[in-house]
Amino acid sequence: MALRQIVQIGEPVLRKKSKKVEKIDKKIIQLLDDMADTMYDADGVGLAAPQVGILKRVVIIDIGDGLIELINPEIIETSGEQTDSEGCLSVAGRSGEVTRPYLVKVRALNREGQVIEIEGEDLLARAFCHEIDHLEGILFVDKIED
Ligand code: CO
């Protein structure tokens with residue numbers, strides 16, 4: 001088990017665009033493992049690599065239905081709309097209402113380098129959008145409705 005430090009809002013790394021993973025090597029596998037340890041330790045439902053200071057397009061999510069690992073994720077389809085409260089491990093102690101699509105389909109690579117497609121509704125759709133935003137340097141606080 002290896003925990004990494006979760007970067008907090010204000011750190012420039014959270015505002016940068018992450019780079020595509022060109023090769024799934026030992027470092028990427030270690031990153032995935034460490035991110036899972038870190039997310040579960042912090043009781044989070046998702047974590048993106050920039051949140052541990054790594055500008056790579058790597059995301060993990062677990063909304064309670066098992067761990068999802070996404071490398072180079074892309075949103076390929078969305079539909080509907082939902083507005084609900086959102087938070088982030090990098091924005092401790094703050095939450096706010098954000099509108100997201102109700103259904104989101106994502107294409108990514110798994111740790112074996114295989115192309116996977118996953119469709120998520122509701123909270124999972126929200127998590128896909130939130131975590132993929134991190135790879136663009138976007139935080140949920142940018143999207144809070146008042
Ligand atoms: Co977040």
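**Close-up 1. Glutamate 77, a partly exposed residue.** With 41% relative accessibility, glutamate 77 falls in the partly exposed class, because that class covers whatever sits between buried (under 20%) and exposed (over 50%). Keep in mind that this is a predicted model. Glutamate 77 belongs to strand β3, which covers residues 68–79.

**Close-up 2. The negative surface patch that includes Glu77.** Zoom out a little from glutamate 77 and its partners come into the picture. Glu81, Asp84, Glu97, Glu119, Glu121, Asp122, Glu145 and Asp146 join Glu77 in forming a negative patch on the surface.

**Close-up 3. The cobalt ion and its protein donors.** Here the ion is held in the frame with Cys88 (SG), His130 (NE2) and His134 (NE2), the donors that the protein supplies. They lie 2.0 to 2.3 Å from the cobalt ion. Read along the sequence, the donor residues follow the spacing C-x41-H-x3-H. Cysteine 88 comes from the loop between β4 (82–87) and β5 (95–100), while histidine 130 comes from helix α2 (residues 122–134), so this pair ties together parts that are 42 residues apart in sequence. As for their surroundings, both cysteine 88 and histidine 130 are buried.

**Close-up 4. Lysine 56 and valine 21.** Look for lysine 56 in the loop between β1 (46–48) and β2 (58–61). Its relative accessibility is 32%, so lysine 56 counts as partly exposed. Valine 21 is 35 residues away from lysine 56 in sequence, yet in space the two are 6.2 Å apart, C-alpha to C-alpha.

Technical notes: Residues are numbered from 1 along each chain as its sequence is written. This is a predicted model: local features need pLDDT of at least 70, side-chain atom pairs count only at pLDDT 80 or more; totals for chains, interfaces and linings use all residues. Side-chain values use heavy atoms; hydrogens and water are left out. Donors are N, O and S atoms within 2.8 Å of the metal (3.2 Å for Na, K and Ca); water is not among the atoms, so sites may look incomplete. Helices (H or I, at least four residues) and strands (E, at least two) are DSSP runs, numbered from the N terminus. Buried means under 20% relative accessible area, exposed over 50%, partly exposed in between (1.4 Å probe, protein chains only). Patches are made of residues with over 30% relative accessible area and no salt bridge: like charges are joined within 9 Å, nonpolar side chains (Val, Leu, Ile, Met, Phe, Trp, Tyr) within 5 Å. Accessible areas come from the Shrake-Rupley method with a 1.4 Å probe; for residues, only the protein chains shown count as cover. A salt bridge is a side-chain nitrogen of Lys or Arg within 4 Å of a carboxyl oxygen of Asp or Glu. Lys and Arg count as positive and Asp and Glu as negative; His and the chain ends are not counted. The place of a charge is taken as NZ of Lys, CZ of Arg, CG of Asp or CD of Glu.
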